[in-house]
Amino acid sequence: MIIGIDIDDTIAKTNISLLEEAFQYDKEHCGGRGFKNKEAYALKDMFYWSNEDVLNFMTFIRDGNLFTEISPIKDSALYVNKLFEEGHKIYFITRRKNTANMLKVTMKWLDKHGMLPGKIIDLSPFHTTFFVTNLKSIKTDYIYHHIYNFGNTGTFFSMGKEHMEAVVN
C-alpha cells in the first residue's frame, strides 16, 4: 500500500511552535496588536495582520530555526517505521516552501527523529559505521574530513598517496 503522511501536526508538533513564533513576531514586528480571533485557522484572521504581515512572517520562520527545532509527536517514529517494515511505501507530504534549504531542513529533521525514508538511507554514504576513502587511486593526498551533521557516520578514514620519508632507527 502507498501511504502519504503529512509532516506538520501529523508526526511533528508544528502548530504549537508556529503559534508561539507568531505571537512573538506580532510583538516584535507588528506592534503587539495581539489576537483578533484565537479560533481562526488562517494567521490573517487570527491576528490583526495584513497579507504582507503574513508573508513576512512566513519568510521569517522559513529562514529561522522553527522547522529544525519542532518536536515529534509521541511515538510517531514507531508507527512510521512499523508501516515501512510491513512493506508499505511511505511518502511524506508537506506544504513547506519548495526550496533546497527547506528540503535539507526537513530531511535532517526526519533523520534526527528516526523517520528518514529507507531509500535515502540506502543511497546515503553518511549512514554507516565506518567510512573509508582511498585517494591514492586518483593520485591525491589524504584529507582531513569533518563528520557531517547528517546521518550517523562514527568514523571517517582517509588515505592518500605515498610519501618518501627519512626514518632513523
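Which helix is S17 found in? S17 is part of helix 1, and this briefing starts from that helix before turning to the core and the charged pairs. The model is predicted. The protein contains 7 helices and 4 strands, and along the sequence they come in the order β-α-α-α-α-α-β-α-α-β-β.

**Overall build**

- Of the 169 residues in the protein, 30% are buried.
- Contacts between residues at least 6 apart in sequence often reach further along the chain: 64% of them join residues at least 24 apart.
- The protein has an accessible surface of about 12,100 Å². Carbon and sulfur atoms account for 55% of that surface.

**Helix 1**

- Helix 1 covers residues 14-29, which makes 16 residues. At 1.5 Å a residue it should span 22 Å, and its end C-alpha atoms lie 21 Å apart, so the expected and computed values agree.
- The buried residues of helix 1 are T14, S17, L18, A22, Y25 and D26.
- Helix 2 (43-46), helix 3 (51-63) and helix 4 (66-69) are among the parts that cover these buried residues.
- Just after helix 1 comes G31, which has a positive phi of about 80°.

**Two buried residues of helix 1: T14 and S17**

- T14 lies in helix 1. Its relative accessibility is 4%, and because the cut-off for buried is under 20%, T14 counts as buried.
- Beyond its neighbours within four places in sequence, T14 is in contact with D8, D9, F67 and I70.
- With one of these residues, D8, T14 also shares a polar contact between side chains, at 2.7 Å.
- T14 and I73 are 59 residues apart along the chain, while their C-alpha atoms are separated by 9.4 Å.
- S17 has a relative accessibility of 18%, so by the same under-20% rule S17 is buried.
- Leaving out neighbours within four places in sequence, S17 is in contact with L66 and I70. I70 is also on the contact list of T14.

**The nonpolar core**

- In soluble globular proteins, nonpolar side chains tend to be buried together.
- The largest nonpolar core here is made of 30 residues. Those with the most contacts inside this core are I11, L43, W49, F57, W109, L110 and M115.
- Strand 1 (2-6), helix 1, helix 2, helix 3, helix 4, helix 5 (76-85) and helix 6 (100-112) each provide at least two residues of this core.
- Which helix gives the most to this core? Helix 6 does, with 5 residues.
- M115 touches I11, P72, S76, A77, V80, F92, W109 and L110, if residues up to four places away in sequence are not counted. I11, W109 and L110 are, like M115, among the residues with the most contacts inside the core.

**Charged pairs**

- Side chains of opposite charge can pair when their charged atoms come close.
- How many salt bridges does a search of the whole structure find? The search finds 3 salt bridges.
- One of them joins the side chains of D53 and R33, with 3.3 Å from N to O. D53 lies in helix 3 and R33 in the loop between helix 1 and helix 2, so this pair ties together parts that are 20 residues apart in sequence.
- D53 has 16% relative accessibility and therefore counts as buried. R33, at 40%, counts as partly exposed.
- Another salt bridge joins K74 and D75, whose closest N and O atoms are 4.0 Å apart. K74 is exposed, with a relative accessible area of 68%, whereas D75 is partly exposed at 38%.
- A salt bridge is also formed by the side chains of K82 and E86, at 3.0 Å from N to O. K82 has a relative accessible area of 47% and is partly exposed. E86 is partly exposed as well, at 46% relative accessibility.

Notes. Residues are numbered from 1 along each chain as its sequence is written. This is a predicted model: local features need pLDDT of at least 70, side-chain atom pairs count only at pLDDT 80 or more; totals for chains, interfaces and linings use all residues. Side-chain values use heavy atoms; hydrogens and water are left out. The expected span of a helix is 1.5 Å times one less than its number of residues. Buried means under 20% relative accessible area, exposed over 50%, partly exposed in between (1.4 Å probe, protein chains only). Contact means heavy atoms within 4.5 Å. A polar contact is a pair of N or O atoms within 3.5 Å; within protein, one must be able to donate a hydrogen and the other to accept it, and residues adjacent in sequence count only if both atoms are side-chain atoms. Accessible areas come from the Shrake-Rupley method with a 1.4 Å probe; for residues, only the protein chains shown count as cover. A nonpolar core is a set of buried Ala, Val, Leu, Ile, Met, Phe, Trp, Tyr and Cys residues joined through side-chain atoms within 4.5 Å.
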